[in-house]
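Grab a pencil and the viewer. Here are a few exercises on strands, helices and a ligand site, each with a worked solution.

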Amino acid sequence: MIWNEAKECMSRDQLQTLQSARLVKLVDRVYHNVEFYRRKMQELGIEPGDIKGIEDITKLPFTTKADLRDNYPFGLFAVPQSQIVRVHASSGTTGKATVVGYTRKDISVWAECVARAFAQAGLGRDDVIQIAYGYGLFTGGLGAHYGAENLGATVVPMSTGNTKKLVTMMKDFGATAIACTPSYLLHIAETLEAGDDIKDIKLKAAICGAEPWTEQMRKQIEEKLHINAFDIYGLSEIMGPGVACDCIYHKGLHVNEDHFFPEILNPDTLAPCAEDETGELAFTTLTKEGIPLLRYRTRDLTSISYAPCECGRTTARLSRFKGRSDDMLIIRGVNVFPSQVEAALLEMGETSPHYMMIVDRINNLDTLEVQVEVDEAFFFDRLSELDSLTKKIGHVLQQAIGLAVKVKLVEPNTIERSMGKAVHVIDKRKLV
Ligand code: DLL
């Protein structure tokens, strides 16, 4: 919750007043402390005094990942390095790493935001939370760790890498919650199932994020593990995990709007989208000291709703992420997102959630093969059904994405499991 002085949930008007005051200070700070922003604002003919409130945000320049790379490593920092107490970095697939720095206050705001996310999931100081995001330059591990500690929970810093040990400790320590990527949680669930251990765990919630996942995948995780699974969103450029998280009603991710101002933009024109219309998400960091960013283009595709939530929170909600604009595949001119394939497969209920999309170009024609794991029985007792299931999945996928797909059914554990962000696409067109 974001409280006002009377300790009531802030109204949207109160929130906007707070955002306006914070934006005015932020613009002043970046203009005077970051050469990059001073230049950008001068190019646009804007001075800090022109920004009087949150309604003026559209006058400000955008920031992109390329801007962070061009100013590698510390060029966009707004404080002297002596005030930076930690750095994180994301490597990405091309070019230099994107480096971000945090002051002591930034770390404390981050821990507060992640604690809110855990609290939204119904967790508190009586919980034992295993953190199974990677620790290191990636923000997942340390971000979730500080948030869980701030909540007062008992934190088990597992990181990734040893699933058997994680499962043993989950049972022995009576872990009540886990924070990890949804794909890793599926792998953990399989390990628990294989050891007939699900009956022995006390898990009640999972806080999953760092990669796109579908509502169908959330339900499948919940059914397998008899838990409530929550969606947590964030990105290192803005802070790390905890920028937004869903509540027990699972009707969108509440944005921590007192710290991060969201905008949804048409990716082509950069004009604002209407409420509930899908577009690219941009954030302005209202309170960040180390590396404050104006209108950072995340490339993540979602929509926003300002309608009150059943949980009573007044913060805006982002719809489940559709993917990233740079994850979108264009196959024979058709736009395809991996999340469409995942949703269609899981909706059918006859496959496992493990799939791989292989895109190729043969004789100048794009091809899409989808490999899906199915029950072992289809390769033994039910072999005669394999052909009809292949055809059925092909039909379902064609309906979902509007493209003919070659389906290849494979045995369990054929597709590589991931402990971090899952890879669902091999685009061989990019490899040639
Ligand atoms: O993935 C931070 C994080 C860690 C978030 C742990 C949640 C949990 P980056 O490595 O910088 O930071 O990657 C950020 O991951 O722009 C999205 O494309 C994607 N992403 C993160 N959370 C979600 C989510 C962390 N819940 C990029 N749903 C973002 C969909 C997500 N995509």
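**Exercise 1. Find the bridge partner of Ala-177 in strand 6, then place its sheet.**

Step 1: Ala-177 is matched with Ala-205 in strand 6. Strands here are DSSP runs of E with at least two residues, helices are runs of H or I with at least four residues, and both are numbered from the N terminus. A word on the source: this is a predicted model, where local features need pLDDT of at least 70, side-chain atom pairs count only at pLDDT 80 or more, and totals for chains, interfaces and linings use all residues. Residues are numbered from 1 along each chain as its sequence is written, and side-chain values use heavy atoms, with hydrogens and water left out.

Step 2: Strand 5 (residues 177-180) and strand 6 (residues 205-209) are parallel, with four bridges between them. Two strands count as paired if DSSP finds at least two bridges between them.

Step 3: Now zoom out to an open sheet of nine strands, ordered 4-3-5-6-7-8-9-14-13, with mixed pairing. Its edges are strand 4 (154-157) and strand 13 (304-305), each pairing on one side only.

**Exercise 2. Work out which strands helix 7 lies across, and at what angle to strand 5.**

Step 1: Helix 7 (residues 182-194) lies across strand 5 and strand 6; contact means heavy atoms within 4.5 Å.

Step 2: Helix 7 runs at about 130 degrees to strand 5. Axes are lines fitted to C-alpha atoms, for helices over the stretch in contact, and angles run from 0 to 180 degrees between N-to-C directions.

Step 3: For another helix, try helix 5, which lies across strand 3 (128-131), strand 4, strand 5 and strand 8 (240-246), at about 170 degrees to strand 3.

**Exercise 3. Describe what surrounds the ligand.**

Step 1: Of the 20 residues around the ligand, Asp-231, Ile-232, Ser-236, Asp-300 and Lys-421 come nearest; a residue is near if one of its heavy atoms lies within 4 Å.

Step 2: Check the polar contacts, meaning pairs of N or O atoms within 3.5 Å. A polar side-chain atom of Asp-231 sits 2.8 Å from a ligand nitrogen, and a polar backbone atom of Ala-210 is 3.0 Å from a ligand nitrogen. Ser-236 puts a backbone N or O atom 3.0 Å from a ligand oxygen.

Step 3: On its own the ligand exposes 600 Å², and the protein buries 94% of that (Shrake-Rupley method, 1.4 Å probe).

Step 4: Strand 7 supplies the largest share of the shell, five residues.

Note on methods: Polar contact = N/O pair within 3.5 Å; in protein donor to acceptor, adjacent residues only side chain to side chain.
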